[in-house]
Amino acid sequence: MRRFTLISVPYIWLLALFLIPFVIVFKIALSDAAIARPPYLPLLEFSEGWAGIKAFFSELDFENFVWLTEDDLYWKAYLSSLKIALVSTLFTLLIGYPIAYGMARAPNEWRPTLLMLMILPFWTSFLIRVYAWMGILSTEGLLNQLLMGLGLITEPLMILNTNVAVYIGIVYTYLPFLVLPVYAALEKLDDSLLEAAEDLGCSRFSAFWLVTVPLSRSGILAGCFLVFIPVLGEFVIPSLLGGSGTLMIGKVLFEEFFSNRDWPVASAVAVILLLILIVPIVLFQMNQQKQQEAGK
Amino acid sequence: MAQTIFAPWDDPEEKPLIEFVNVTKRFGDFTAIDNLSQQIYAREFFALLGPSGCGKTTMMRMLAGFETPTEGKILLGGQDIGAIPPNKRSVNMMFQSYALFPHLSIWENIAFGLKREGKDKEFIQARVDEMLRLTRLEAFARRKPHQISGGQRQRVALARSLAKAPKLLLLDEPLGALDKKLREETQFELMDIQESTGTTFVIVTHDQEEAMTVASRVAVMDHGKIIQVATPQNIYEAPNSVYVADFIGDVNLIKGQAKARDIVEGDDTSGGLELHWGEGHAPLVAANGDTALAGKEVVLALRPEKMSISKEHPAAANALKGKVIDIGYLGNISTYHVELDNGTMVKAQIANTRRVSRRQITWEDEVWLSFSATAAIVLEG
Ligand SMILES: Nc1ncnc2c1ncn2[C@@H]1O[C@H](COP(=O)(O)OP(=O)(O)OP(=O)(O)O)[C@@H](O)[C@H]1O
Ligand SMILES: [Mg+2]
């Protein structure tokens, strides 16, 4: 009985905070838009009894999902989101891995400070930090002023409101999510393994590829998923730093919801996004589980 | 057929394979290796013995290339290896912590060094199989290091370091985690490998018996210095200091004043030194004592197995009277702990040639311990 209660707690949690909201969103996705409050039909009417429930279900259909396949805006937005998420994950890895490596190799007494510096920005609002990037990247911004002041460029660079700004914003924001798991994996690495590799004929470089990288693999994967999964549905960064050319599904979702007030289509977009996200989420979970088993 | 004795260290013509020249290694202010000079010859089985923290691993790590001497230099085949990185030295090391690659199987661990050499597939396969057979690990080839026992891991580490058949093999406590039987087998295996491949071995061990069994020479270290280097027999029979005598095996140490003895023509138990060690005790005779020590405070070192025990006063050069306090029965031998009249405790080891019930000496018995005029060694106090 006690075991049952223990297990049921997380399941009730999931049911209340994930499954029920999902069912509601899915139901809206099957409805039709209407000028009403709430802006969709049908609504479930229990007052009419059994007939009312039957009428309610007969009016639900997959129209909105069909619509998503008809207008190419949507699948282009999904693809473009995937691309942006992949590319920015790659950049985050390229920048984050050396940072994590440097932190793990730093003298023991330095490490808490370095870790602190990595986490510190989290204590300010995310929005403020993104706005700060607008100040840095705009045509009159700090970056352009600096480059022009140094005489490196004569015309200001157009960075803000382009995909480049989106990439910068994403890499900046999500860097700690990658650095921390990679650092955790690298910190556990036993130095004598690298010595053994060198002793057996590896150069420093090949010892890195043959020992360090494979042994930090689960950290790398965890970090990449922690970046990739939220970036795929990212909305704030592309809308603040991106331009009209930046197509991301999170932005489309927002516009359907708030500008068009088409809740059913917005819900359908969200349901598909969730289905796409299930793949990396499951892979992430499998990686975490494997890591835990290896740690035993 | 006259067998030549392997003793290149006695041959002035012989060039050493390894030469430590005034090597000092400091970690911060701490001196781990203190102005150490030592030569090790090709095909030697050189054992390093010493208490924990005396610098054995540090010496190995300098040979492997993971530490550079703070002062002095190390020559390998006459060439200063200070600037040569570990992967360019034909030296392999078996790590005290094993350092097996956790992400690779046992097979891949052993093949690791061979693959880096770019050997072809069949060669690697054959060599790894040979190593697996040697270390009796065939059944575990596909497992990962965390799926095997501590002793098996140690054998993998050994197999991995042997696989490349290096010129110089460094073994840092290679057999500590094995049971006695497997350890003895592996010791003989190592000696076989050494003979068949001509590899030079430097081995660190805490097991004196092991050092005695496998080594051509044993070096006893203390605080970053080598105190004595000698063949196992000499280091046991002729230690050069109280430290070495005490460190290797069991020993009774009796302090006293040395006096020179007269030399009688035709008597080979005359001459040498005698030790005056207490009022009312007959001096102890050491005919092999170095007369240069005459008049000095000295220590008489005496191995327990060189003594006899009896109830009657024996007709021996040296006799000590005392009372049996304790008897340690070890099966093949017994150790008698005897208290002399002045309170000194002395150990005597006697082979148990008779069944226990037939022996007549027991606790609280007054006994005589005796030893010959050449059994003891006189060392500077
Ligand atoms: N990297 C290092 N930094 C500081 N001190 C060190 C370092 N490596 C070794 N030492 C010190 O040098 C001394 C010799 O160490 P070493 O590892 O050679 O001992 P050892 O003889 O192998 O001991 P054990 O038998 O316990 O393995 C020790 O006192 C140790 O604390
Ligand atoms: Mg050691």
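**Exercise 1. Surroundings of B:Thr335**

Task: In this predicted model, find which residues B:Thr335 is in contact with, leaving aside its neighbours within four places in sequence, and decide whether B:Thr335 is buried or exposed.

Solution:
- Step 1. Place the residue: B:Thr335 belongs to strand S17 of chain B, which covers residues 333-340.
- Step 2. List the contacts beyond four places in sequence. On one list are B:Asp326, B:Ile327, B:Gly328 and B:Leu330, together with B:Lys347, B:Ala348 and B:Gln349.
- Step 3. Apply the cut-off: buried means under 20% relative accessible area. The value for B:Thr335 is 8%, so B:Thr335 is buried.

**Exercise 2. The two sides of a helix**

Task: For helix H3 of chain A, state which residues are buried and which exposed residues the face turned away from them carries.

Solution:
- Step 1. Helix H3 of chain A runs over residues 63-70, and its residues A:Asn64, A:Phe65 and A:Leu68 are buried.
- Step 2. These residues cover an arc of only 105° around the axis, and therefore sit on the same side of H3(A).
- Step 3. The general rule: an α-helix has 3.6 residues a turn, so residues three or four places apart point the same way.
- Step 4. Turn to the face directed away from the buried side of H3(A): A:Thr69 and A:Glu70 are the exposed residues there.

**Exercise 3. The shell around ligand 1**

Task: Describe which residues surround ligand 1 and which polar atoms of B:Gly55, B:Thr58 and B:Gln96 lie by its oxygen atoms.

Solution:
- Step 1. The shell holds 13 residues, of which B:Ser52, B:Gly53, B:Lys56, B:Thr57 and B:Thr58 are the closest.
- Step 2. Sort the shell by class: 4 residues are nonpolar, 7 polar and 2 charged.
- Step 3. Take the polar atoms in turn. B:Gly55 has a polar backbone atom 3.0 Å from an oxygen atom of ligand 1. For B:Thr58, a polar side-chain atom is 2.6 Å from a ligand 1 oxygen atom. B:Gln96 also places a polar side-chain atom by an oxygen atom of ligand 1, at 3.0 Å.
- Step 4. Consider the cover: ligand 1 taken alone exposes 640 Å², and the protein buries 63% of that.
- Step 5. Assign the shell to elements. Strand S2 (30-40) and helix H1 (56-64) of chain B each give two or more residues; H1(B) gives the most, with 3 residues.

**Exercise 4. A loop residue**

Task: Locate B:Lys167 in chain B and name the residues it touches beyond four places in sequence.

Solution:
- Step 1. B:Lys167 is in the loop that lies between helix H4 (150-163) and strand S7 (168-172) of chain B.
- Step 2. Not counting residues up to four places away, B:Lys167 touches B:Ser90, B:Thr199 and B:Thr200.
- Step 3. For B:Ser196, 29 residues from B:Lys167 along the chain, the separation of the C-alpha atoms is 13 Å.

Notes. Residues numbered from 1 in each chain as written. Chains lettered and ligands numbered in written order. Predicted model: local features only at pLDDT ≥ 70, side-chain atom pairs only at ≥ 80, totals over all residues. Heavy atoms only, no water. Near = heavy atom within 4 Å. Polar contact = N/O pair within 3.5 Å; in protein donor to acceptor, adjacent residues only side chain to side chain. Areas by Shrake-Rupley, 256 points an atom, 1.4 Å probe, with all protein chains shown as cover. Helix = DSSP H or I, 4+ residues; strand = E, 2+ residues; numbered from the N terminus. Nonpolar A, V, L, I, M, F, W, Y, C, P; charged D, E, K, R; others polar. Buried < 20%, exposed > 50% of the residue type's maximum accessible area, 1.4 Å probe, protein only. Arc of directions from axis to C-beta. Contact = heavy atoms within 4.5 Å.
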